[in-house]
Amino acid sequence: MNLRLTGLAKRYGAVTAVDRVTLELVAGTTLALLGPSGCGKSTLLRLVAGLEAPDAGGVAIGDQDLTRTPTARRGFGMVFQDFALFPHLDVGANAAFGLVEARVPAATRAARVRELLALVGLAGLERRKVTELSGGQQQRVALARALAPEPRLLLLDEPLSNLDASLRESLKLELRSILTGLPAGAIYVTHDQGEAFTVADTVALMRAGRIVQVGTSEELLAKPAGPWAARFLGHDNVYDTAPQGAHLPVSDGALLLRADLTRLGEPGTGATDVSVATAAREGLAWRLTLTAEAWGVTVTWRGFDRELPGHPAPGASFGLQVPPEAWRSIGSDA
Ligand code: ADP
């Protein structure tokens, strides 16, 4: 059954942390709450969990209103940034914690813990002290613990943010495959768009307590809801007013140039000539800033050597070939 949030609001004194959020999570899917620090993601998650009481609005699963149901009776599992394991218990006892609370018989418990530790890649480590585990392993134990009682919803708050970058990369792919196989839905809070796009089926973009846009990663990237969303999602070429002389259809508000849909050719072969202002290596790719003098704008362009008509030394001149679909009118911010 779907989780429905209706008009949820929460204030702390003068700060409106969550501002009338209405959102639906389709059962069995993962929704990321993505936004900059302080935009209200954790507060929204805590309202869903019942760790905070809303000033207005409600939380329901199917027809069941949970707005006043205590956290322990919502049937949700939670994973936090700081793992929050019990240091005096071993891996098995940590993973079994919710099962002991639910008075699950010992034999069933042991089988379930074995199954979950295998799922999270910790098979056979039942008797290991959690204090002897790496950060990544500790977070896997926390995940196993949250999943053990078969929650109907899993809530994850920045679960990878205390891990180093390479571990985050591999764990987010693993999380994706673990969450995809679960009957429970999940809400995943993160400020990192790469994590949101990898782990979630649907992304809800948040700003200043409000949901700005909801969609798949493809939808958000192709049609950002405004200049703020476009920039936050990593688009480099967002123009608040249309570049002069670019022969664009008249439109209100901001314009996005999808540089990934453009090509560089010899000078004179494109919509406009550009000159290389800066050229920087990003691993095997180049990141160029190109001055489009006739348009009065700078275009950031990324690509590989084989996509370049010549060496991109500063001052080099290229023709920027722009198919019509590379321009998108994205309106203004609400
Ligand atoms: P995020 O998770 O997106 O970083 P939070 O939900 O933690 O954002 O915070 C949203 C806003 O609410 C921030 O301005 C924060 O300072 C404020 N806030 C959060 N929790 C509390 C609290 N317990 N007391 C007072 N202000 C809070």
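Colleague: So helices (H or I, at least four residues) and strands (E, at least two) are DSSP runs numbered from the N terminus. How many of each are in the protein?

Modeller: The protein has eight helices and 18 strands. This is a predicted model, where local features need pLDDT of at least 70 and side-chain atom pairs count only at pLDDT 80 or more, while totals for chains, interfaces and linings use all residues. Residues are numbered from 1 along each chain as its sequence is written, and side-chain values use heavy atoms, with hydrogens and water left out.

Colleague: Okay, and what box do the C-alpha atoms fill?

Modeller: Roughly 75 × 45 × 35 Å, taken along the principal axes. There are 334 residues, and 47% of them count as buried. Buried is under 20% relative accessible area, exposed is over 50%, and partly exposed is in between (1.4 Å probe, protein chains only).

Colleague: What share of the contacts comes from residues 24 or more positions apart?

Modeller: They make up 65% of the contacts with a separation of 6 or more. A contact is heavy atoms within 4.5 Å.

Colleague: Let's start at the N terminus. Which strands pair with strand 1?

Modeller: Strand 4 (residues 56–61) pairs with strand 1 (residues 3–12) in the antiparallel sense, over five bridges. Strand 2 (residues 15–25) is also antiparallel to strand 1, with seven bridges. Pairing here takes at least two DSSP bridges between two strands.

Colleague: Who's the partner of Arg4, and of Leu8?

Modeller: Arg4 is bridged to Ala60 in strand 4, and Leu8 to Val21 in strand 2. Between strands 1 and 2 the hairpin has two residues, and Gly13 there takes a positive phi near 60 degrees.

Colleague: There's a ligand too. Which residues are around the ligand?

Modeller: Tyr12, Val15, Ala17, Pro36, Ser37, Gly38, Cys39, Gly40, Lys41, Ser42 and Thr43. To be on that list, a residue needs a heavy atom within 4 Å of the ligand. Helix 1 (41–49) gives the largest share of that shell, three residues, and strand 2 supplies at least two.

Colleague: How many are nonpolar, polar and charged?

Modeller: Five nonpolar, five polar and one charged. In this scheme Ala, Val, Leu, Ile, Met, Phe, Trp, Tyr, Cys and Pro are nonpolar, Asp, Glu, Lys and Arg are charged, and the others, Gly among them, are polar.

Colleague: Which atoms lie 2.7 Å and 2.9 Å from an oxygen atom of the ligand?

Modeller: The 2.7 Å one is a backbone N or O atom of Gly38, and the 2.9 Å one is a polar side-chain atom of Lys41. A polar backbone atom of Ser42 is 2.8 Å from an oxygen atom of the ligand. On its own the ligand has 560 Å² of accessible area, and the protein covers 58% of that. Those areas come from the Shrake-Rupley method with a 1.4 Å probe.

Colleague: New topic, helix 2. Which residues are buried there?

Modeller: In helix 2 (residues 91–101) the buried ones are Val91, Gly92, Asn94, Ala95, Ala96, Gly98 and Leu99. Helix 3 (106–119) and helix 4 (135–147) are among what covers them.

Colleague: What happens at the start of helix 2, and what follows the helix?

Modeller: At the start, a side-chain oxygen of Asp90 reaches to within 3.3 Å of the backbone nitrogen of Gly92. After helix 2 comes Arg103, with a positive phi near 55 degrees.

Colleague: And Thr131, is that buried or exposed?

Modeller: Thr131 counts as exposed because its relative accessibility is 53%. Thr131 sits in the loop between helix 3 and helix 4.

Colleague: What about Phe232, where is that?

Modeller: Phe232 is in helix 8 (residues 227–232). With a relative accessible area of 22%, Phe232 is partly exposed. Leaving aside neighbours within four places in sequence, Phe232 is in contact with Leu34, Gly35, Pro36, His191, Gln193 and Leu205. Leu205 is 27 residues away in sequence and 9.3 Å away in space, C-alpha to C-alpha.

Colleague: Last one: what is the order of the open sheet of three strands?

Modeller: The order is 11-12-18, with antiparallel pairing. Strand 11 (238–239) and strand 18 (327–331) are the edges, each pairing on one side only. Strand 12 (residues 254–257) is joined to strand 18 by four bridges, and Ala254 has Gly331 as its bridge partner.

Methods. A polar contact is a pair of N or O atoms within 3.5 Å; within protein, one must be able to donate a hydrogen and the other to accept it, and residues adjacent in sequence count only if both atoms are side-chain atoms.
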